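Here are my notes on the model, as numbered points. Please read them with the structure open.

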Amino acid sequence: MKLISILMPVYNVKEYIGEAIESILNQTYKNFELIIIDDASSDGTTLMIESYAKKDSRIIHLKNQKNEKIVSSLNKGLDRAKGDYICRMDGDDISELDRLEKKIDYMERNPEIDILGCSVYTINQNGKELGKNTLLEDFKTIKKTIKYSSPILHIWMAKKEVYDTVGKYRNISYVEDYDFLLRSIKHGFILSNLEDYYGYRVRIREGNTQSTAGIYQRKAHRYCYDLYLKEKTGEDLFSESKFKKAIESTEKEIKKYMTSSDFLLRAIAEKNKIKKMYLLTRAYCSSSEQRKYLNRRILYRLKT
């Protein structure tokens with residue numbers, strides 16, 4: 001059985017990490033190492049990780065002495081990874097128990113696939129299902145639509161050779177995963193999803209990337225794609241100063257975006273179609289940056 005290295009960067013997720021860890025430890029595929037990179041948590045997360053690590057030798061617990069953010073944590077995890085495949089997991093999400101088995105089986109049967117994602121459910125902080133996100137399998141469609149939306153969520157499984165070739169994650173905050181996928185395509189790697197398999201539950205809550213990155217993430221997406229168009233295979237034109245300038249936002253922009261995001265989250269949870277459309281319209285009109293994002297989503301749907 002091939003070894004899978006699972007990278008789990010965490011920061012202050014005491015309420016959720018137990019469920020996240022157990023959803024990995026109870027996988028039907030057993031040959032894995034779970035590398036948890038604790039980014040100087042201060043809420044009791046560290047103690048919970050230690051208690052699980054004492055019970056299961058497959059857990060490798062790395063601790064940052066200070067908060068270094070996700071890119072540094074991921075790259076530390078990569079340095080320790082020994083697996084034939086690299087997989088991702090967040091400390092506040094939930095994996096279906098056959099997720100590893102489904103993915104590695106598909107990749108072993110389809111050796112041309114280098115990075116494999118899957119469709120996902122979205123849940124709220126209490127675990128209630130909000131909706132689902134169906135991600136496409138066809139690589140031609142993925143390449144055609146990658147401008148508008150990341151084609152694979154960060155919880156993919158990838159061959160170790162992809163990281164050996166592409167390198168580590170670059171310090172492009174909010175879109176380091178999207179950037180890695182673009183660079184992978186530049187190097188000729190093939191991306192896909194298990195389109196009809198919803199093997200992961202993404203938790204949307206106050207305090208995680210979906211709710212805090214906001215307007216910066218939208219602007220970072222555009223910067224990242226522009227960089228992809230400029231770079232040739234193997235080139236690294238990333239500039240931290242140019243990136244910071246590209247995502248600068250005024251207080252007024254941020255306030256409008258937060259108002260818009262509130263309408264959007266309410267629309268996602270709303271079951272009544274008329275109320276849902278009303279909330280979506282308010283979200284669309286409240287922020288120009290949100291409007292650009294929603295336009296990208298519309299174009300993505302039209303092209304798929």
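1. I298 is partly exposed, because its relative accessible area is 46%, between the 20% and 50% cut-offs. This residue sits in helix α13, residues 288–303. Together with L299 and L302, I298 makes a nonpolar surface patch of about 300 Å². Bear in mind that the model is predicted.

2. I21 is the opposite case. I21 has 0% relative accessibility, so it counts as buried. The residue belongs to helix α1. Its C-alpha atom is separated by 9.9 Å from that of M48, and the two residues are 27 apart along the chain.

3. Helix α1 (residues 14–25) also has a place in a larger motif. With β1 and β2 it makes a β-α-β unit, and the unit is right-handed. β1 and β2 (residues 32–38) run parallel and are joined by seven bridges. One pairing to look up is V10, whose bridge partner in β2 is D38.

4. β1 has another parallel neighbour. Four bridges join β1 to strand β4, residues 85–88. Here L7 of β1 has R88 as its bridge partner in β4.

5. How many residues of β1 are buried? Seven of seven, across residues 4–10. Both faces of the strand are covered. On one side the buried residues are I4, I6, M8 and V10. On the other they are S5, L7 and P9.

6. Next, the core. In soluble globular proteins, nonpolar side chains tend to be buried together. The largest nonpolar core in this model has 39 residues. Those with the most contacts inside it are I115, W156, Y163, Y169, F180 and L191. Elements giving two or more residues to this core include strands β2 and β3 (59–63). Helices on that list include α3 (69–80), α5 (139–145), α6 (160–166) and α7 (176–186). Helix α9 (214–230) gives the most to this core, with six residues.

7. Now the charged pairs. The count comes to 20 salt bridges. One of them joins the side chains of K160 and D164, at 3.0 Å from N to O. Both residues lie in helix α6, four residues apart, or about one turn of the helix. K160 is at 24% relative accessibility, so it counts as partly exposed. D164 is at 55%, so it counts as exposed.

8. R170 deserves a separate look. Its side chain meets that of D179 in a salt bridge, 2.8 Å from N to O. Both D179 and R170 are buried. R170 also forms a salt bridge with E231, with the closest N and O atoms 2.8 Å apart. E231 lies in the loop between α9 and α10 (240–246), and R170 in the loop between α6 and α7, so this pair ties together parts that are 61 residues apart in sequence. E231 is buried, as is R170.

9. Which residues do salt bridges that share partners join into one network with R170? They are D179, R183, E231 and D236. Please view this group as one set when you go through the model.

Technical notes: Residues are numbered from 1 along each chain as its sequence is written. This is a predicted model: local features need pLDDT of at least 70, side-chain atom pairs count only at pLDDT 80 or more; totals for chains, interfaces and linings use all residues. Side-chain values use heavy atoms; hydrogens and water are left out. Buried means under 20% relative accessible area, exposed over 50%, partly exposed in between (1.4 Å probe, protein chains only). Two strands pair if DSSP finds at least two bridges between them. A crossover is right-handed if, with the strands pointing away from the viewer, the path from the first strand over the helix to the second runs clockwise. Patches are made of residues with over 30% relative accessible area and no salt bridge: like charges are joined within 9 Å, nonpolar side chains (Val, Leu, Ile, Met, Phe, Trp, Tyr) within 5 Å. Accessible areas come from the Shrake-Rupley method with a 1.4 Å probe; for residues, only the protein chains shown count as cover. A salt bridge is a side-chain nitrogen of Lys or Arg within 4 Å of a carboxyl oxygen of Asp or Glu. A nonpolar core is a set of buried Ala, Val, Leu, Ile, Met, Phe, Trp, Tyr and Cys residues joined through side-chain atoms within 4.5 Å.
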